[in-house]
Amino acid sequence: NGETKSSESKHSGTTVVAGRKSLDVRRPYKFPPKGEKDEKMGGKHVVMFSCMLNDVLEVNLIDEFFKPDMGILMDWIDDDNLKSDYEFKKDPYGEGDDAGGFKPYMQFGNLTEKTEDIEKCTGVYMMRKRPVFCRYARYIPTLRQRMSLQEFPFDVINLDTEIQFGWTTNDLKIVAAEMEIDPKLDAMNEYVLVSHEMIVRTHLYEYYTAYEDSEDPYPEIIVRLTLARNPWYYIMRLVMPQILLSIMELTSFMCECDAIADRFSISGTIVLSEIALYFIAVDMLPKVPYVTRIDIWFSWCFMLVFISCVQNGINYMLHGSVAPELLQKIDVLSAIGYMLGVFLVTAWFMFPLFTFERYAAEANKKKLARKQHS
């Protein structure tokens with residue numbers, strides 16, 4: 001550690017301490033970050049945090065968890081660990097008596113199962129005669145995420161990876177440096193990538209305040225991936241058949257007013273068909289303890305057919321009591337009102353589709369831009 005020699009890196013313009021594997025990671029930012037100059041902020045250690053999101057392996061809506069494949073890179077300066085040029089007092093990655101120095105401990109705040117890094121790489125760099133330690137690790141954690149499906153199948157979900165640190169804000173400053181997305185996330189079948197961001201925040205643990213020197217909040221960083229569901233699978237397999245069945249109910253208004261058997265045979269067939277379709281839909285829809293957008297739409301479709309059956313019965317009861325021309329006008333107005341109801345309910349249900357198409361168009365523009373850049 002203290003006996004290693006240094007060699008100049010031609011690629012990054014920094015001095016790399018020999019004896020450690022150099023991190024082949026692009027760093028577009030300047031370290032220390034702008035505004036920090038060459039000093040720590042009141043004794044704080046500045047940690048540059050970068051995240052590389054490789055893939056999302058699973059999104060479980062029922063049990064509310066997801067599994068990302070992500071790499072985490074942290075760079076930090078430890079001036080107190082510098083004995084002289086290119087010599088360090090302690091090795092933050094070492095073991096035994098040589099181990100020591102500042103090392104930013106991190107953990108996943110919403111982790112549901114124990115996870116270990118599947119790939120790890122460490123290094124030490126000298127920048128302007130200051131030691132910059134770096135650590136890269138790749139994880140595939142199982143993370144808890146509350147997902148609201150009230151707008152299903154037009155729902156937009158946030159997948160948040162909560163990363164907590166073992167140092168308070170009095171000792172540590174987290175700077176969100178860069179978040180990279182693997183191009184394979186542009187080719188997801190069920191979702192469209194809307195946006196990604198890193199959010200730095202603080203959290204005060206009330207039960208820690210009972211201990212000495214634990215009154216300060218702890219820094220946290222949220223790696224957020226926003227996904228919009230592609231609704232076309234459900235539109236083509238559930239919504240379109242339901243719309244066609246609802247339109248077919250119009251044929252019941254074309255029968256004679258006294259042909260109550262014909263009218264109810266048509267309406268009964270439509271109702272049974274819709275019930276059969278809904279039983280098929282139950283296996284395709286998420287089992288959640290609240291009403292979703294598609295549940296409301298299905299209920300209104302059933303209600304409109306029920307109202308149509310009631311109108312047919314009323315017309316049959318009025319037959320012989322009022323003029324046939326008046327009954328025909330009632331049928332025409334009822335058919336127009338029925339179709340208007342189907343149109344309004346379906347328009348309300350399909351309105352979020354325009355938002356999804358906008359998300360999809362923006363995602364395609366970003367995808368083409370990345371291809372041109374590469």
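# A tour from the nonpolar patch to the helix contacts

Select I296 to begin: this residue is partly exposed, with a relative accessible area of 33% (buried is under 20%, exposed over 50%, and partly exposed in between, with a 1.4 Å probe and protein chains only). I296 is placed in helix 3 (helices are DSSP runs of H or I with at least four residues, strands are runs of E with at least two, and both are numbered from the N terminus).

The model is predicted, so local features need pLDDT of at least 70 and side-chain atom pairs count only at pLDDT 80 or more, while totals for chains, interfaces and linings use all residues. Residues are numbered from 1 along each chain as its sequence is written, and side-chain values use heavy atoms, with hydrogens and water left out.

**The patch around I296**

Add V291, W300, M303, F306, I307, V310, I314 and W348 to the selection: with I296 they make a nonpolar surface patch of about 840 Å². Patch members have over 30% relative accessible area and no salt bridge; nonpolar side chains (Val, Leu, Ile, Met, Phe, Trp, Tyr) are joined within 5 Å, and like charges within 9 Å. Which helix gives the most to the nonpolar patch? Helix 3, residues 293-318, does, with seven residues.

**The whole chain**

Zoom out to the chain, which has five helices and 14 strands. Of its 374 residues, 44% are buried. The accessible surface comes to about 20700 Å², and 56% of that belongs to carbon and sulfur atoms (Shrake-Rupley method, 1.4 Å probe; for residues, only the protein chains shown count as cover). Among contacts in the chain with a separation of 6 or more, 74% are between residues 24 or more positions apart (contact means heavy atoms within 4.5 Å).

Now colour by pLDDT, the predictor's confidence in each residue, from 0 to 100. The chain averages 80, and 79% of the residues score at least 70. Among the elements, strand 10 has the highest mean pLDDT, 94, and strand 1, residues 6-8, the lowest, 31. Select residues 1-42: pLDDT stays under 50 there, and the model has 90 contacts beyond four places in sequence for this stretch.

**Salt bridges**

How many salt bridges does a search of the whole structure find? The search finds 12 (a side-chain nitrogen of Lys or Arg within 4 Å of a carboxyl oxygen of Asp or Glu). Three of them are visited here.

Select D69 and R138, which form a salt bridge with the closest N and O atoms 2.6 Å apart. D69 lies in strand 4 (residues 65-77) and R138 in strand 9 (residues 130-139), so the pair ties together parts that are 69 residues apart in sequence. D69 is buried at 7% relative accessible area, whereas R138 is partly exposed at 25%.

Move to E151 and R293, another salt bridge, where the closest N and O atoms are 2.7 Å apart. E151 is in the loop between strand 10 (143-144) and strand 11 (156-165) and R293 is in helix 3, so this pair ties together parts that are 142 residues apart in sequence. E151 is partly exposed, with 37% relative accessibility; R293 is buried, with a relative accessible area of 9%.

Next, select E220 and R201, whose side chains meet in a salt bridge at 3.1 Å, N to O. E220 belongs to strand 14 (residues 218-229) and R201 to strand 13 (residues 191-203), so the parts tied together are 19 residues apart in sequence. E220 counts as buried at 4% relative accessibility, and R201 as partly exposed at 38%. Then return to D69 and R138 and add E119: salt bridges that share partners join D69, E119 and R138 into one network.

**R263 in helix 2**

Select R263, placed in helix 2 (residues 260-284). Is R263 buried or exposed? R263 counts as buried, at 0% relative accessibility. Its side chain reaches the backbone oxygen of C255 at 2.9 Å. Not counting residues up to four places away in sequence, R263 touches S252, F253, C255, E256, C257, Q311, N312, N315 and D331.

**T346 in helix 4**

Finish at T346, which lies in helix 4 (residues 324-350) and counts as buried at 13% relative accessibility. The side chain of T346 makes a polar contact with the side chain of W297 at 3.5 Å (a pair of N or O atoms within 3.5 Å; within protein, one must be able to donate a hydrogen and the other to accept it, and residues adjacent in sequence count only if both atoms are side-chain atoms). The T346 side chain also reaches the backbone oxygen of V342 at 2.8 Å. Leaving aside neighbours within four places in sequence, T346 is in contact with I243 and W297.
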